[in-house]
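Reader: I've got this one open on my screen and I'd like a close look at a single part. Pick a good spot, tell me how it sits in the whole, and go through it slowly with me.

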Amino acid sequence: MAASRPAKVTAAAPAAAAVPLLSIVGLSAWYGELRAIWDVSLDIHAGDVLAIIGANGAGKSTLLKSITGLMNRGAAAHTRGRVELGGRRLDALDTGQIVDAGVTLVPEGRRLFARMSVEDNLLAGAFLPRVRPLAQRRLAEMYRLFPKLAERRLQVVSQMSGGEQQMVAIARALMSQPRLVLFDELSLGLAPAVVDDIYRKVAEIHAQGTTCVIVEQDMKRALAVANRVCVMLEGAIVLEGTPATLSEAQITAAYFGTER
Ligand SMILES: Nc1ncnc2c1ncn2[C@@H]1O[C@H](COP(=O)(O)OP(=O)(O)OP(=O)(O)O)[C@@H](O)[C@H]1O
Ligand SMILES: [Mg+2]
């Protein structure tokens, strides 16, 4: 990888003095010797739906893993920089503590407990002491949000379709009642009608007050739902703005790194 990164272009004026919900300052991340994130700074405000787009290997998943403590695994993977939620440092915490603070990840590939039921997967999202007393209430709320999961609550997850499994993964992440939820590859591999359904759910989740970050291959879908967008290229954010202020050509050029 090159030693210098392209500079970030910000198309929209930054939001006036509002305190961000999540603030990332000078974040870098490594897998051993490989530096996957280069000095990323980004503010996410309460109520945002932020779309992060970028080609394969651009560093999208690594950024989400860095926010959620999954890169703090000793020498094999590590980060440098600050991540703060409402002014509280997250970057030295482990994943459980970060979930407890209010940030959860719906990971790429879902990472469900395939041989367990829907309900046991959801309850696994409520393992923290803060959340455990809320588990039954949250379960009922998740079944209201996803009636299909209520019908299938005792079904083993491996016997479900990709779309259903994605709903289980989303509901599991929401069990801890996060303030911020990060969706990695929200619609990858799902049929268009299923994707419509998933996006309707995300809109509902957002309307209920949860701030959302969506990593998405499908640029059009992401831009349709987001109020902010950033494009990653080779481990850096190279373009940031709103879907209203950025043209598709600008975004595409940033995605492929053809405009410097
Ligand atoms: N576990 C790992 N060990 C070593 N290198 C990794 C690991 N995971 C990712 N990388 C490398 O880090 C860089 C960023 O990868 P990352 O998975 O964050 O990209 P991405 O934007 O999520 O890509 P995709 O669209 O394919 O999911 C790539 O060069 C990738 O090869
Ligand atoms: Mg990824």
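Author: Let's start wide: the C-alpha centres of domain 1 and domain 2 lie 24 Å apart. Domain 1 covers 18-102 + 183-260 and domain 2 covers 113-177, with bounds from an automatic or database domain assignment. Bear in mind that this is a predicted model, where local features need pLDDT of at least 70, side-chain atom pairs count only at pLDDT 80 or more, and totals for chains, interfaces and linings use all residues. As for labels, residues are numbered from 1 along each chain as its sequence is written, while chains are lettered from A and ligands numbered from 1 in the order in which they are written.

Where the domains touch, domain 1 puts in 11 residues and domain 2 puts in 9; contact here takes C-beta atoms, placed from the backbone, within 7 Å. On the domain 1 side, helix H7 (192-207) gives the most, with 6 residues.

Now for the close look: helix H1 (60-67). Helices are DSSP runs of H or I with at least four residues, strands are E runs of at least two, and both are numbered from the N terminus. 8 of the 8 residues of H1 are buried, so the rest of the structure largely encloses this helix. Buried means 20 or more other C-beta atoms, placed from the backbone, within 10 Å of the residue's own. Lys-60 and Lys-65 are among those buried residues. After H1 comes Gly-69, with a positive phi near 80 degrees.

What does H1 lean on? An open sheet of 4 strands runs in the order S3-S2-S5-S6, with antiparallel pairing; strands pair if DSSP finds at least two bridges between them. S3 and strand S6 (88-89) are the edges, each with a single partner strand, so one side of each has no neighbour in the sheet. S2 (residues 22-31) and S3 are joined by 7 bridges, and Leu-22 has Ile-44 in S3 as its bridge partner. H1 packs on this sheet, touching S2, S3 and S5 (77-85), at about 65 degrees to the direction of S3. That angle runs from 0 to 180 degrees between N-to-C directions, using lines fitted to C-alpha atoms, for helices over the stretch in contact.

H1 also faces ligand 1, giving 3 residues, the largest share of the shell around it. Lys-60, Ser-61 and Thr-62 are in that shell, whose other members include Tyr-31, Asn-56 and Glu-108.

How values were computed: Near = placed C-beta within 6 Å. Contact = placed C-beta atoms within 7 Å. Buried ≥ 20, exposed ≤ 12 C-beta atoms within 10 Å, placed from the backbone.
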